[in-house]
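Colleague: Please take a close look at the pockets in this model. I would like to know what lines them, and how the residues around them are placed.

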Amino acid sequence: MRAPSTADLYDEHGEALQSCDTQLRQYGARRAFAGAVVTVRCHEDNGLVKAVLAEPGHGRVLVVDGGGSLRTALMGDMIGAGAVSNGWAGVVINGAVRDVAVLRTLELGIKALGSNPRKSTKTGAGERDVAVAFGGASFTPGARLVSDDDGVVVLPG
């Protein structure tokens with residue numbers, strides 16, 4: 001049985017469903033994905049993103065609020081491959097990625113604003129497991145996120 005699409009979920013839940021208005025691009029081989037939300041807030045530093053995705057994912061989705069910066073990439077092929085190995089369903093980044101050709105081959109849902117080959121800093125600065133918001137949607141740890149070609153939605157709790 002196929003999981004409900006974001007459009008079907010919106011039809012079912014209406015305005016109770018949060019839909020992210022940010023026009024994120026698909027980068028991973030898994031075009032549709034869903035899971036419980038884990039969050040990171042960081043700015044042009046992917047140390048915390050790397051640390052979280054190195055943990056067992058258990059089918060969860062990491063939502064990264066990079067403040068919309070396209071100046072540096074918050075995830076590339078090595079971090080993405082680690083996420084696959086560790087069982088993450090997907091990553092949604094309000095920021096940039098790099099190594100796009102390789103990301104497209106990974107069995108991982110990946111959505112981001114765009115790409116930039118520039119590396120980020122790696123000090124680990126940022127916050128984990130905090131509510132983040134972008135595109136008119138709030139992402140709280142433990143909420144259920146569903147993503148497909150139509151967009152990203154957060155199910156009501």
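Modeller: Helices here are DSSP runs of H or I with at least four residues, and strands are runs of E with at least two, numbered from the N terminus. In those terms, helix 3 provides the largest share of the lining of the largest pocket, namely four residues. The model is predicted.

The volume of the largest pocket is about 320 Å³. Its lining is made of 17 residues, and those nearest the centre are N46, G76, M78, I79 and K122. Two or more lining residues come from each of helix 2 (47–53), strand 5 (73–75) and helix 3 (77–85). Sorted by class, the lining of the largest pocket holds six charged, four polar and seven nonpolar residues.

The second largest pocket encloses about 200 Å³. Here 15 residues form the lining, with C20, D149, D150, G151 and V152 nearest the centre. Helix 1 (6–13) and strand 12 (151–154) are the elements that give two or more residues to this lining. Strand 12 contributes the most, three residues. The lining of the second largest pocket divides into four charged, six polar and five nonpolar residues.

C20, named above among the residues nearest the centre of the second largest pocket, counts as buried because its relative accessible area, 8%, is under the 20% cut-off. Searching the whole structure gives zero disulfides. C20 is therefore unpaired: the nearest cysteine sulfur belongs to C42 and is 16 Å away. Seen from the other side, the sulfur of C42 has C20 as its closest cysteine partner, and 16 Å is too far for a bond, since a disulfide needs the two sulfur atoms within 2.5 Å. C42 is also buried, at a relative accessible area of 6%.

V152, another residue nearest the centre of the second largest pocket, is in contact with S147. S147 belongs to strand 11 (residues 144–148). Its relative accessibility is 1%, so S147 counts as buried. The side chain of S147 makes a polar contact of 3.3 Å with the side chain of K111. Apart from neighbours within four places in sequence, the contacts of S147 are T6, R31, A32, F33, K111 and V152. K111 thus appears both in that contact list and as the polar partner of the S147 side chain.

Terms used:
Residues numbered from 1 in each chain as written. Predicted model: local features only at pLDDT ≥ 70, side-chain atom pairs only at ≥ 80, totals over all residues. Heavy atoms only, no water. 1 Å grid on protein atoms, 1.4 Å probe; cavity = no way out; pocket = protein on both sides within 12 Å on 5 of 7 lines; lining within 4 Å. Points joined across faces, edges and corners; volume = space filled by probe spheres on them. Nonpolar A, V, L, I, M, F, W, Y, C, P; charged D, E, K, R; others polar. Buried < 20%, exposed > 50% of the residue type's maximum accessible area, 1.4 Å probe, protein only. Polar contact = N/O pair within 3.5 Å; in protein donor to acceptor, adjacent residues only side chain to side chain. Contact = heavy atoms within 4.5 Å.
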